[in-house]
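Here are a few exercises to work through with the structure open beside you. Try each task before reading its solution.

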Amino acid sequence: MTPRNTGRRTTRAVDARHAAGVIDLYERGHIDLNDALARISGVNDGTSSVTPPMDKRRIHELLRDLDDLVGLDEVKRVVREIFALVYVQRLRQEHRLKADPTVLHMIFYGNPGTGKTTVARILARMFHECGLLEKGHLVEVERADLVGEYIGHTAQKTREQIQKALGGVLFIDEAYSLARGGEKDFGREAIDCLVKAMEDHKHELIVILAGYEREMRWFLSTNPGLPSRFPIQIRFPDYGVDQLVQIAKKILASREYRMTAEAEWALRSLLQQALREPRLDPFSNARFVRNLVERAIRRQAVRLFDEARPKRDALMLIEARDWQGDEAR
Amino acid sequence: MSDVVVVGRANAGKTSACLRLARALGIEELVWMVERTDGGRERRRLPIREAERWLTSGDPHSTRSLQTLTIPVARGKVSRAVDIVDSAGLADGHVRDEVVRRAMGQTLRALVAAKAVLHVVDAADIGRSMERREAPFHALDEQLVAIGRTKAFYLVLANKIDLPFAERGVEWLRGRLRDARIIPTSAKTGVGFDEVKRYVWKLA
């Protein structure tokens, strides 16, 4: 067959390999047909949407990840609320109803080890599944990553971090330290740069500020413009002894270990003692437990090292003496 | 690679146009190959009257696989065959039915691979949209035009010319797509298919 040109000028040919990739995306439901055709033809009609459809099954899986976290009932409730809102707004958009853009910048109050970063990571993935964030990754930064040492250095450093976080969540741990240095501190510059980026990249970035409650309240009071930009505020309470034991059991189970009843009792009294004793720094909650577990696992290894051929059961078992003398923080 | 792919939005009348073209080419018995979305292939043979009854429907998304009609075309002393691919109709928005989505993906693949494109447009629908002062041309059609133009052979069938407001739709199409060849057709009455036939002959 010889195709004849009907006298009409042909335009740039379609790139078959690029088209195959686009069609694949379409078939998997990541883009809609308008978008697929626009990408193949290279014509953007301006109405094509780039937001992928929501996969409710994935969202449920992520909610299950959230439910798996020990305690945090209030946090779980707020997160579900946010997601119901985001989900319904997306459905409204699909039905061409008014859907006000939701401001999703947040503040997490809580002591170390209360699950702030873990929840932030789950949130980032969930926003990605809802089509709000293109990548859904989490960039975790602190003062040193944002604040520079000379004039102009701070803006550059902050912008770099923001660029890295575009399409995901920028998680600023101990955010109050940005305002700590007083009027002439470069931390202020980082805050201004951040606020500007939140405006410029409204649809590409979600910022989460995290820190101890008292310090964060002070931080917000130093900059009156800040609280209104972070409408979602979530409080992460300290864990009780029961919850900490549960966390220890989970960590052990995930690494294929378990503890004897005596070991559990020993751990419980160790935790009670740790919670009672006066300290300068706040109690590090789940992180404290994680360190305890790490140490217990090392002690168990040392204990078994001297045995000729330890049984499978012995290899899994953490005994009371493995916790003993532990001073992990 | 297929010779001609017939594309258009869902319910534009692509399958009817294919069958009408086969009829215009004097074919009584249709031989067509069905490529299902699961990769399976079937060869079917049916008298054209039966085919009309079985293959066409008033509901969108009735074609859910690629149907390749092999049409023998007499050219001088030798007879050659042209493969005409009838594709699944395209509909925008989020298609939740995975089978329909795969069928549309198959259409896109055939569209990218084909040398020639017959783009079936519902002219009556365009006319009606103009009556209602709505946007006459759909974004999907706009993009099909852009892809069609990259091909060596591109023909627009302004279909359903037998329906009210269709004339107005054809006028509008002619103004809008100045450098494309537009043939007003009616797959129902057969109007315009002699001209389409002449173009398909050129491909043989």
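**Exercise 1.** Which residue just after α11(A) takes a positive phi?

*Solution.* This is a predicted model. Step past the end of α11(A) and check the backbone: Glu256(A) has a positive phi of about 60°.

**Exercise 2.** Compare the span of α11(A) with the expected one, then work out which residues are buried and on which side they sit.

*Solution.*
- Step 1: α11(A) covers residues 241-254, which is 14 residues. From its first C-alpha to its last it reaches 20 Å, close to the 20 Å expected at 1.5 Å a residue.
- Step 2: The buried residues in this helix include Leu244(A), Ile247(A) and Ala248(A). Because they cover an arc of only 100° around the axis, they lie on the same side of α11(A).
- Step 3: The background is simple: an α-helix has 3.6 residues a turn, so residues three or four places apart point the same way.
- Step 4: Asp242(A) and Ala253(A) are exposed on the other side of α11(A).
- Step 5: The packing partners of the buried residues are α12 (261-276) and α13 (285-305) of chain A.

**Exercise 3.** How do α1 of chain A and α3 of chain B pack, and which residues make the contact?

*Solution.*
- Step 1: The axes of α1(A) (residues 16-27) and α3(B) (residues 98-113) are 9 Å apart, at an angle of about 170°.
- Step 2: Angles over 145 degrees count as roughly antiparallel, so α1(A) is roughly antiparallel to α3(B).
- Step 3: α1(A) contributes Ala16(A), Ala19(A), Ile23(A), Tyr26(A) and Glu27(A). From α3(B) come Arg101(B), Arg102(B), Gly105(B), Leu108(B), Arg109(B) and Val112(B).
- Step 4: Sorted by type, the contact residues are six nonpolar, one polar and four charged.

Technical notes
Residues are numbered from 1 along each chain as its sequence is written. Chains are lettered from A and ligands numbered from 1 in the order in which they are written. This is a predicted model: local features need pLDDT of at least 70, side-chain atom pairs count only at pLDDT 80 or more; totals for chains, interfaces and linings use all residues. Axes are lines fitted to C-alpha atoms, for helices over the stretch in contact, and angles run from 0 to 180 degrees between N-to-C directions. Helices (H or I, at least four residues) and strands (E, at least two) are DSSP runs, numbered from the N terminus. Angles under 35 degrees count as roughly parallel, over 145 as roughly antiparallel, 65 to 115 as roughly perpendicular and the rest as oblique. Two residues are in contact if their C-beta atoms, placed from the backbone, lie within 7 Å. Ala, Val, Leu, Ile, Met, Phe, Trp, Tyr, Cys and Pro count as nonpolar, Asp, Glu, Lys and Arg as charged, and the others, Gly among them, as polar. The expected span of a helix is 1.5 Å times one less than its number of residues. A residue is buried if 20 or more other C-beta atoms lie within 10 Å of its own, exposed if 12 or fewer, and partly exposed in between; C-beta atoms are placed from the backbone. The arc is that of the directions from the helix axis to the C-beta atoms.
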